[in-house]
Amino acid sequence: MMKIILLILCIHSIELKKIKMTVTDGQAVELEYHVTMFTIQLSKPVSEPVTLNLTAENQNIAYPLKKSITILPSDDTTPQLVFVYGANIGNTYIDISFNSTEIEKDEKHDRVRIVVVNSLAIKFISILIGWVYFLAWSVSFYPQTYKNFKRKSVVGLNFDFVCYNMTGFLAYSFFNVGLFWVPSIQNDYFKRYGGTEIPVQANDVFFSLHAVTLTGITIIQCIIYERGGQKVSKVCIGLLSVTYLFAFSAFIPACLSKLSWLTYLYYFSYIKLGVTLIKYIPQAYMNYKRKSTVGWSIENIKLDFTGGSLSIVQMILLAYNNNEWNSIFGDFTKFALGLFSILFDILFLLQHYVFYRHHGKRCHHDENAPHDERCLILPIHS
């Protein structure tokens with residue numbers, strides 16, 4: 001009995017020592033130059049010749065110049081070059097198949113993704129733009145937080161805006177995390193919209209989670225610092241109650257497979273879009289009523305305007321470069337988020353620099369003003 005067990009363990013050990021095949025990612029290729037390449041490398045030499053068959057899923061987009069390559073024992077572990085011809089803009093896969101029992105089969109390394117784009121320069125520019133707007137949007141939360149800390153006051157910052165912000169970014173985080181990290185949801189997305197690119201990038205995920213964290217800090221500041229008698233409005237409480245009730249009620253059919261998780265995630269994207277449509281209104285109205293932007297950080301608005309503009313530019317560049325205009329509508333929340341942010345940012349810039357630019361300087365020493373107004377019109381800290 002002991003010999004049989006040892007024999008089984010020995011056979012299992014031999015099976016685990018199969019040759020591993022490593023395939024590098026296919027490099028993007030410009031349509032103008034047509035040819036790109038990737039490499040295939042084995043972890044150790046084969047004992048007999050092995051033929052690797054290369055098959056393109058969509059030859060109208062790209063295909064290997066050779067349909068097969070043969071690896072000989074004498075090749076050792078030398079990387080094998082595979083040249084690919086890009087015919088049209090788009091994305092496709094090249095599948096690698098073989099009959100050898102020496103090489104371990106691995107779905108991750110048995111296919112290579114090939115991307116044919118209009119311009120590699122546009123691809124790199126769009127990546128750079130993505131990180132710039134990510135930084136601009138991420139940093140935009142700090143000026144208001146720092147201003148609150150320096151003044152030890154949140155007077156001038158509308159509480160409804162803060163509550164809407166938290167709800168919106170929570171919803172946006174759920175959408176980004178689900179679409180970026182859950183494979184089954186990604187597969188549903190590709191079936192619905194086609195293509196091979198999800199519209200959510202790593203910086204989108206980090207941005208939304210970072211926004212939730214910084215907004216949470218702002219909420220704490222609203223609790224511990226001077227408020228000037230301000231509180232969350234009944235309208236805001238009512239709208240947010242309905243929103244959270246809707247999100248919870250839709251969660252149940254999703255758990256019961258009556259609603260796809262992709263559709264459920266899109267509900268959160270719609271919540272984010274709806275919040276973006278209204279969240280700036282209370283702050284803009286408050287500035288109008290006070291005829292002042294004191295306590296409201298204009299640096300936040302400048303950075304937000306930069307991020308929103310670049311976000312839209314990046315989406316347009318990616319859609320053009322990959323010939324996937326559906327990607328814009330596949331993540332319409334991201335597109336609309338940038339557009340609406342820009343419109344309101346322009347309004348806030350006009351309030352600060354045109355409509356009420358002298359109000360803070362003229363009124364913050366007025367000791368005869370009503371108590372509420374004296375609380376609202378504090379010395380300006382730049």
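This passage walks through a predicted model, from its paired strands to its helices and the loops between them. Because the model is predicted, local features need a pLDDT of at least 70 and side-chain atom pairs count only at pLDDT 80 or more, while totals for chains, interfaces and linings use all residues. Residues are numbered from 1 along each chain as its sequence is written, and side-chain values use heavy atoms, with hydrogens and water left out.

A few terms come first. Helices (H or I, at least four residues) and strands (E, at least two) are DSSP runs, numbered from the N terminus. Buried means under 20% relative accessible area, exposed means over 50%, and partly exposed is anything in between (1.4 Å probe, protein chains only).

Strand 7 is a good place to start. It covers residues 80-86, and its side chains take turns: Gln80, Val82, Val84 and Gly86 point to one face and are buried, whereas Leu81, Phe83 and Tyr85 point to the other face and are not buried. Strands count as paired if DSSP finds at least two bridges between them. Strand 3 (residues 35-42) runs antiparallel to strand 7, and six bridges join the two. Strand 5 (residues 62-64) also pairs with strand 7 in the antiparallel sense, over three bridges. Tyr85 turns up in both pairings: it is the bridge partner of Val35, and it is the bridge partner of Tyr63 as well.

Another pairing involves strand 8 (residues 90-97) and strand 9, which run antiparallel and are joined by six bridges. Here Gly90 stands opposite Val116 in strand 9. Strand 9 (residues 111-117) has five of its seven residues buried, so it is largely enclosed by the rest of the structure.

Now for the helices. For "transmembrane region", an unreviewed UniProt entry lists residues 120-142, 162-185, 205-225, 232-252, 264-282, 303-320 and 332-355. UniProt positions are given in the numbering used here, feature names are shortened, and annotations may be inferred rather than shown by experiment. How much of the listed span 162-185 is helix in the model? That span is 96% helix and 0% strand, with its end C-alpha atoms 30 Å apart. Residues 303-320 come out as 100% helix and 0% strand, and their end C-alpha atoms lie 26 Å apart.

Helix 5 (residues 183-193) has a buried side that includes Ile185, Gln186 and Tyr189. Seen down the axis of helix 5, the buried residues fall within an arc of 100° (taken from the directions from the helix axis to the C-beta atoms), so they line one face of the helix. An α-helix has 3.6 residues a turn, so residues three or four places apart point the same way. Pro183 and Lys191, on the other side of helix 5, are exposed.

Helix 11 (residues 332-355) gives six residues to a nonpolar surface patch, the largest share. The patch is made of Phe305, Ile346, Leu347, Leu350, Tyr353, Val354 and Phe355, with about 580 Å² of accessible area together. Such areas come from the Shrake-Rupley method with a 1.4 Å probe, and for residues only the protein chains shown count as cover. Patches are made of residues with over 30% relative accessible area and no salt bridge, joining like charges within 9 Å and nonpolar side chains (Val, Leu, Ile, Met, Phe, Trp, Tyr) within 5 Å. A salt bridge is a side-chain nitrogen of Lys or Arg within 4 Å of a carboxyl oxygen of Asp or Glu.

Is Asp345, also in helix 11, buried or exposed? Its relative accessibility is 0%, so Asp345 counts as buried. Ile346 lies in helix 11 too, but at 38% relative accessibility Ile346 counts as partly exposed. The C-alpha atoms of Asp345 and Ala284 are separated by 10.0 Å, although these residues are 61 apart along the chain. Arg290, in helix 8, is buried at 4% relative accessibility; its C-alpha atom is 9.2 Å from that of Tyr356, 66 residues away along the chain.

Finally, the loops. Most residues other than glycine have a negative phi, and most peptide bonds are trans. Ser257, in the loop between helix 7 (234-255) and helix 8 (261-290), has a positive phi of about 65° and is exposed at 66% relative accessibility. Lys291, in the loop between helix 8 and helix 9, has a positive phi near 55° and is partly exposed at 34%.
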